[in-house]
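Biologist: I would like a close look at a single part of this protein. Please pick one residue, describe its surroundings, and then work outward to the elements around it.

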Amino acid sequence: MFRRCRNMVVTERTKMANVSEPLQVPGHEESHPDFLQHHFDTPAQQFGAAKLGMWVFIATEILMFGGLFCAYAIWRGQDPKVFDEAHHFLNKILGASNTIVLLFSSLTAALAVRSSQVGKRNLTSFYLVVTIACACIFLVIKYFEYSHKFHLGLLPGHCFGHPGLSAAIQNGEEVGTCLRMDVNSASVMPEWVRAVDEEGHVTLLSPRANMFFGLYFVMTGLHGLHVVIGMSILLWVLYKNVKGSFSPAYFTPVDLGALYWHLVDLVWIYLFPLLYLVGKPE
């Protein structure tokens with residue numbers, strides 16, 4: 001008798017549990033795409049969270065470059081004439097060429113996002129390849145710019161440091177194109193440095209010009225590092241796109257990669273006029 005009652009209670013509980021569970025109608029199971037992470041309810045929610053995270057990251061990047069822009073403004077405000085003279089040592093044609101290359105690469109990055117949105121995988125790959133090629137062109141041009149500056153000796157500590165520590169003096173003789181006006185009489189920091197600018201003109205530079213070239217190498221070097229990182233991201237996106245990982249329902253990595261690349265372009269749009277153009281005409 002006791003066993004029969006216990007079986008009846010278990011049966012009733014089972015019936016109640018079955019009633020409370022949702023009915024699974026064949027062919028109407030809740031869809032859960034492979035790209036949707038378990039902690040998101042919908043693809044739209046996942047995309048919005050990823051986009052917000054990228055914007056927060058971009059804000060921190062702007063803060064980092066903003067500190068360098070503030071340093072540039074302070075030092076230029078203290079020595080405007082020195083900065084005007086020093087900026088003539090930058091090749092404006094190469095700087096403008098890099099600006100055009102980056103602007104075009106931003107266009108192709110945006111077109112890659114659009115192609116991914118409409119499901120054109122081959123066209124997405126094409127635009128990504130063009131964007132990466134533009135990044136390579138930018139770095140090649142910057143290499144020629146840097147190598148020329150190294151040849152001139154326009155490095156902080158090379159021509160602008162203590163005479164006994166400067167690489168412009170070897171075995172008691174001056175070497176290179178960036179030379180001191182009077183080595184023997186300069187017991188400490190020399191007052192002037194003779195250098196040859198991009199036009200072949202012999203120019204006298206104040207020792208305080210080292211701040212301009214220091215900021216130039218730090219700002220453009222940090223930007224170049226971001227170009228390399230952006231290339232790496234876009235290469236990974238290209239690889240995943242070739243593998244067929246993206247579709248009109250899921251193109252988040254393409255969108256975020258292009259957004260990062262727009263940041264790289266935006267920073268250079270500010271660097272180019274600040275370093276190459278702001279100053280009195282020659």
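Modeller: The residue to look at is Lys-142, which is found in helix α5, residues 121-152. Keep in mind throughout that the model is predicted.

Is Lys-142 buried or exposed? Its relative accessibility comes to 6%. The cut-off for calling a residue buried is under 20% relative accessible area, so Lys-142 counts as buried. For the protein as a whole, 40% of the 282 residues count as buried.

Next, the surroundings. Leaving aside residues up to four places away in sequence, Lys-142 touches Asn-98, Tyr-216, Thr-220, Trp-268 and Tyr-276. With one of these, Tyr-276, there is a polar contact: it runs from side chain to side chain, at 3.1 Å.

These contacts lead on to other helices. Helix α4 spans residues 92-117, helix α6 spans residues 209-242, and helix α7 spans residues 252-277. How these helices pack against one another is the next point.

Take α6 and α7 to begin with. Their axes lie 10 Å apart, and the packing angle is about 160°. An angle over 145 degrees counts as roughly antiparallel, and α6 and α7 are therefore roughly antiparallel to each other. Their crossing is left-handed. Sorted by class, the residues of the contact between α6 and α7 are 21 nonpolar and five polar, with no charged residues.

Helix α7 also packs with α4. Here the axes come within 9 Å and cross at roughly 160°, which makes α4 roughly antiparallel to α7. This crossing, too, is left-handed. The contact of α4 with α7 has 16 nonpolar, seven polar and three charged residues. Charged residues thus appear in the contact of α4 with α7, whereas the contact of α6 with α7 has none.

Finally, the setting of these helices in the chain. The protein has seven helices and five strands. Along the sequence they follow the pattern α-α-α-α-α-β-β-β-β-β-α-α, with the five strands falling between α5 and α6. Lys-142 in α5 nevertheless touches Tyr-216, Thr-220, Trp-268 and Tyr-276, among others. Contacts across such stretches of sequence are also part of the overall picture: of the contacts between residues at least 6 apart in sequence, 72% join residues at least 24 apart.

Definitions and conventions. Residues are numbered from 1 along each chain as its sequence is written. This is a predicted model: local features need pLDDT of at least 70, side-chain atom pairs count only at pLDDT 80 or more; totals for chains, interfaces and linings use all residues. Side-chain values use heavy atoms; hydrogens and water are left out. Axes are lines fitted to C-alpha atoms, for helices over the stretch in contact, and angles run from 0 to 180 degrees between N-to-C directions. Helices (H or I, at least four residues) and strands (E, at least two) are DSSP runs, numbered from the N terminus. Angles under 35 degrees count as roughly parallel, over 145 as roughly antiparallel, 65 to 115 as roughly perpendicular and the rest as oblique. A crossing is left-handed if the near helix is turned anticlockwise from the far one by less than a right angle, and right-handed if clockwise. Ala, Val, Leu, Ile, Met, Phe, Trp, Tyr, Cys and Pro count as nonpolar, Asp, Glu, Lys and Arg as charged, and the others, Gly among them, as polar. Buried means under 20% relative accessible area, exposed over 50%, partly exposed in between (1.4 Å probe, protein chains only). A polar contact is a pair of N or O atoms within 3.5 Å; within protein, one must be able to donate a hydrogen and the other to accept it, and residues adjacent in sequence count only if both atoms are side-chain atoms. Contact means heavy atoms within 4.5 Å.
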